[in-house]
Amino acid sequence: MDMNKSYILKNEEREPKWRKIDASGQVLGRLCTQIADILRGKDKPTYTPHTDSGDYVVVTNCEKIVLTGNKWDDKIYARFSGWRGGLKEPSAKDVFAKDPSRLIMHGVMGMLPKNKLNRQVIKKLKIYVGSEHPHQAQLKD
């Protein structure tokens with residue numbers, strides 16, 4: 001590769017792979033940062049900001065995630081319906097009890113850029129409770 005020319009990854013040249021991450025015992029924020037970098041392709045030498053150069057990520061055992069400090073009670077996931085009295089503020093413990101995968105999805109979404117590429121990239125994230133998942137054929141271990 002010529003060092004005097006900039007490299008731009010074309011859609012035809014990208015070769016996404018499938019990666020499996022076991023979330024058991026990992027801290028939520030650090031795991032989400034790792035996943036966001038893999039989804040965008042920032043861990044590859046062919047990274048181009050305006051193209052989707054990342055890999056697919058399968059996260060298993062999301063129910064064994066760890067939050068440090070008092071974040072189980074103090075961290076709030078606020079949402080507003082638009083109606084009067086429509087502000088909901090469940091804690092991380094409440095969100096985790098309903099669906100453990102939402103903590104990881106919310107964390108990764110916050111770490112991706114807010115543009116059209118975000119919606120394309122987040123579709124490559126697959127999160128599962130437990131160690132079983134239907135993507136065994138794509139993963140070449």
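The following legends describe an overall view and several close-up views of a predicted model.

**Figure 1. Overall architecture of the predicted chain.** The chain contains five helices and five strands. Along the sequence, these elements follow the order β-α-β-α-β-β-α-α-α-β. Taken along the principal axes, the C-alpha atoms fill a box of roughly 55 × 40 × 25 Å. Of the 141 residues in the chain, 35% are buried.

**Figure 2. Close-up of aspartate 55 and its side-chain contacts with arginine 19 and lysine 44.** Aspartate 55 is located in the loop between helix 1 (28–40) and strand 2 (56–60). Aspartate 55 is classed as buried because its relative accessibility is 1%, below the 20% limit used for that class. The side chain of aspartate 55 makes a polar contact of 2.9 Å with the side chain of arginine 19. A second polar contact, of 2.6 Å, links the side chain of aspartate 55 to that of lysine 44.

**Figure 3. The salt bridge between arginine 19 and aspartate 55.** The side chains of the two residues meet with an N to O distance of 2.9 Å. Arginine 19 belongs to strand 1 and aspartate 55 to the loop between helix 1 and strand 2, so the pair ties together parts that are 36 residues apart in sequence. Arginine 19 is partly exposed, at 28% relative accessibility, whereas aspartate 55 is buried, at 1%.

**Figure 4. The salt bridge between lysine 124 and aspartate 52, and a network of shared partners.** The side chains of lysine 124 and aspartate 52 meet at 2.6 Å, N to O. Lysine 124 lies in the loop between helix 5 (116–122) and strand 5 (125–127), and aspartate 52 in the loop between helix 1 and strand 2; the pair therefore ties together parts that are 72 residues apart in sequence. Both lysine 124 and aspartate 52 are buried. Elsewhere, Arg19, Asp43, Lys44 and Asp55 are joined into one network by salt bridges that share partners. The count of salt bridges comes to seven.

**Figure 5. The salt bridge between lysine 10 and glutamate 13.** The closest N and O atoms of this pair are 3.9 Å apart, and the pair is counted as a salt bridge because the cut-off is 4 Å. Lysine 10 is partly exposed, with 45% relative accessibility. Glutamate 13 is likewise partly exposed, with 38% relative accessibility.

**Figure 6. A positive surface patch that includes arginine 79.** The patch is formed by Arg79, Lys88, Lys98 and Arg102. Arginine 79 is part of strand 3 (residues 79–80). With a relative accessible area of 44%, arginine 79 is partly exposed.

**Figure 7. Valine 27 and isoleucine 65.** Valine 27 is in the loop between strand 1 (18–22) and helix 1. Valine 27 counts as partly exposed, at 28% relative accessibility. The C-alpha atoms of valine 27 and isoleucine 65 are separated by 6.3 Å, although the two residues are 38 residues apart along the chain.

**Figure 8. Backbone conformation at asparagine 61.** Asparagine 61 is placed in the loop between strand 2 and helix 2 (71–74). Its phi is positive, at about 55°, although asparagine 61 is not a glycine. Most residues other than glycine have a negative phi. Asparagine 61 is buried, with a relative accessible area of 8%.

Notes
Residues numbered from 1 in each chain as written. Predicted model: local features only at pLDDT ≥ 70, side-chain atom pairs only at ≥ 80, totals over all residues. Heavy atoms only, no water. Patch = residues over 30% accessible without salt bridge, like charges linked within 9 Å, V, L, I, M, F, W, Y side chains within 5 Å. Areas by Shrake-Rupley, 256 points an atom, 1.4 Å probe, with all protein chains shown as cover. Lys, Arg positive; Asp, Glu negative; His and termini not counted. Charge placed at Lys NZ, Arg CZ, Asp CG, Glu CD. Helix = DSSP H or I, 4+ residues; strand = E, 2+ residues; numbered from the N terminus. Buried < 20%, exposed > 50% of the residue type's maximum accessible area, 1.4 Å probe, protein only. Polar contact = N/O pair within 3.5 Å; in protein donor to acceptor, adjacent residues only side chain to side chain.
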